[in-house]
Amino acid sequence: MTGQLENLDVKERIERKFEKLFTNVYENAEIASKKIAAEIADLIREKNGKGKKCVLGLATGSSPIGVYRELVRMHREEGLSFKNVITFNLDEYYPMPKDHVQSYWYFMHEHLFDHVDIPEENVHIPDGTISENKVYDFCQDYEMAIRDAGGIDLQILGIGRTGHIGFNEPGSGINSPTRLVTLDSLTIADAAGDFYSEENVPRKAITMGVGTIMPSRRIILMAWGEKKAAIVKKAIEGPVVDSVPATYLQQHPNTEIVLDKEAAADLVRFRTPWLVREVQWDDKLIRRATIWLCEKLDKPILKLTNRDYNDNSLGDMVVKHGPAYDINLKVFNMLQKSITGWPGGKPNADDSQRPERAFPYPKRVLVFSPRPDDDMLAMGGTINRLVEQGHDVYVAYQTSGNIAVADDVVLRFLYFSENIAENHNIDLEKIHKVLAIKKPGEIDFPEVRNLKALIREAEARSACRFLNIPEEHISFLRMPFYETGTIKKASLKEEDINRIVEVLRGVKPHQIYAAGDLTDPHGTHRKCFDAIVKALHIVRKDDWLADCRVWLYHGTWKEWHIADVDMAVPVSPEELKKKRAAIFRHSSQKEVMFPGSEDMEIWRYAIERNRDTAKDYDKLGMAEYEAIELFVEYVL
Ligand code: F6R
């Protein structure tokens, strides 16, 4: 148990009674990163004031980027000096040359060291270039260097989905030293995007051990986004186990966990707040608690009894809104009303009990798709219904999706293009040449990227054609933030948002569908959604917006929780086949695997997810469908 927990007042301690690590949750990663950077800066200044060195343990990966950005800003604008700072990085891939774009050496210089005044000799990063027979001595020296520097004052950490800290994968002991380790297959899958494919990810790394990290005088672990929620819960609320090395931090006296709302979402105080405090029961919370109880007891809604509620900490809800019979009916009806085969509204029908309004009919429907296949993967069945029910469906593909196209696909298309007359003024010979000398993981030439984008556009057009979406309703926004040629994306600029504004004003939609999840491992969905929110703000006074509703689908990585869903669209067996055929039009993506899985392609996962959702509704006692697609309303 870490120190700060005991300093909280009683109310807060009750709320956090399942948490074994002191945890602070912020509105978003940006605010949280600034807090961490401020603490680091204070420490550097304090040590400097005393004429002492400040020893920092540093992490790489997506999590600390915002912290480094803020430190660089403080250096530039506030004169924060790093002259007295000594750093030790947690890890480095092995083998790995320093100048490789994916090396942690490169990462640290790109994000921090090249922009501040730290003396190069104060920087320590495990060396991915030494020969294997020297690794042991190297690790020994690394630990000695930390000790000689006086130990680490402040260690910052991210957390992998395996629960690793540094590259201490499941199975690492609490006393493990700095050493050469083999990466977990989930870690390799998570890194595959950075290296363009799993085969290019180094299998090993040199990492500081848990036993090297634990003596740090203070530790801050940060995690952002839904995809970390499950492992964060285990790290904070679970028992100390070697299968989740981050749980060792529970035995450290001065560790703080810093999260954004999404990463904190599975903690008891957020997911099931009724277990730790008195709550105000509104309809949404009643629905959430009831569905939680069904899942816990594996019972359908209408079979829950007063006893079930009382025995599972929901007595207060029964007293205020019960008996069980009333609550069951209420939640059953709420779910029933959210299920509709008419996602665009049913014309001429009473719409008071339906998720969408009947009129106007037909509606102009604008579907935003972050990458060219997200629309079909997430809502192919719903798009099919919208078109068949007579609505004017438009699709705007937000990014080109070009980095997900393998070189071999380009070669296939090249062969084809060479055999047709005109070809977009593309220098085919050059593309042949650059692909022939390209090394794995290297950034593509703009010409190759353009060709990859065209391949994805051709596929998206084909899928739309298959579902009878008119050619002139399709737009490819090629948002500039995406076009870095690497997994790391640029920040959103005015031009990105303007392209969305233009399509919104062109279509004046009655319904907008957008990817509203924040789970996408590469942050593309998050940025695409942010851009839509910003664009909607710009058009907020346009007349058409008053008669427009926004529905969010979830990316392939995860589905909405039924308790949060506002519209559930059933997909029949025939429609599911059609959806699969539409997804297959994206042939360059057919072999892309679901992250962390060895035998599940993304398309298969998308279909199975829809089937599983239908099974979940069935288990709750709702009608049994083949598959279901889910949407949450985004209130404007
Ligand atoms: C990086 C490191 C890793 C990462 C972890 C999370 O130096 O040691 O433990 O902190 O894999 O990675 P991101 O932040 O990319 O999700």
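The surroundings of the ligand and the aromatic contacts of the chain are described here for a predicted model.

In this model the ligand is surrounded by 13 residues, and the closest of these are Ser 63, Asp 91, His 164, Gly 166 and Lys 228. Divided by class, the shell comprises 3 nonpolar, 8 polar and 2 charged residues. Oxygen atoms of the ligand take part in several polar contacts: an N or O atom in the side chain of Ser 63 lies at 2.5 Å, a polar side-chain atom of Lys 228 at 2.6 Å, and a backbone N or O atom of Gly 166 at 2.7 Å. The protein buries 88% of the 410 Å² that the ligand exposes when taken alone.

The count of aromatic pairs comes to 13. One of them joins Tyr 104 and Phe 167, whose ring centres are 6.1 Å apart and whose planes meet at 20 degrees, so the pair is stacked. This pair links distant parts of the chain, since Tyr 104 belongs to helix H5 whereas Phe 167, 63 residues away, lies in the loop between strand E6 and strand E7. Tyr 104 is buried, with a relative accessible area of 11%, and Phe 167 is likewise buried, at 4%.

For Trp 274 and Trp 292, the centres are 5.4 Å apart and the planes stand at 65 degrees, and the pair is therefore edge-to-face. Trp 274 is located in the loop between helix H11 and helix H12, and Trp 292 in helix H12 itself, 18 residues apart. Both are buried, Trp 274 at 7% relative accessibility and Trp 292 at 17%.

Elsewhere, Phe 88, Phe 138 and Tyr 142 form one aromatic cluster, and the charged end of Lys 590 sits over the ring of Phe 584, 4.4 Å from its centre.

Notes
Residues numbered from 1 in each chain as written. Predicted model: local features only at pLDDT ≥ 70, side-chain atom pairs only at ≥ 80, totals over all residues. Heavy atoms only, no water. Near = heavy atom within 4 Å. Polar contact = N/O pair within 3.5 Å; in protein donor to acceptor, adjacent residues only side chain to side chain. Areas by Shrake-Rupley, 256 points an atom, 1.4 Å probe, with all protein chains shown as cover. Nonpolar A, V, L, I, M, F, W, Y, C, P; charged D, E, K, R; others polar. Phe/Tyr/Trp six-rings, centres within 6.5 Å; stacked < 30°, edge-to-face > 60°. Helix = DSSP H or I, 4+ residues; strand = E, 2+ residues; numbered from the N terminus. Buried < 20%, exposed > 50% of the residue type's maximum accessible area, 1.4 Å probe, protein only. Lys NZ or Arg CZ within 6 Å of the ring centre and 35° of its normal.
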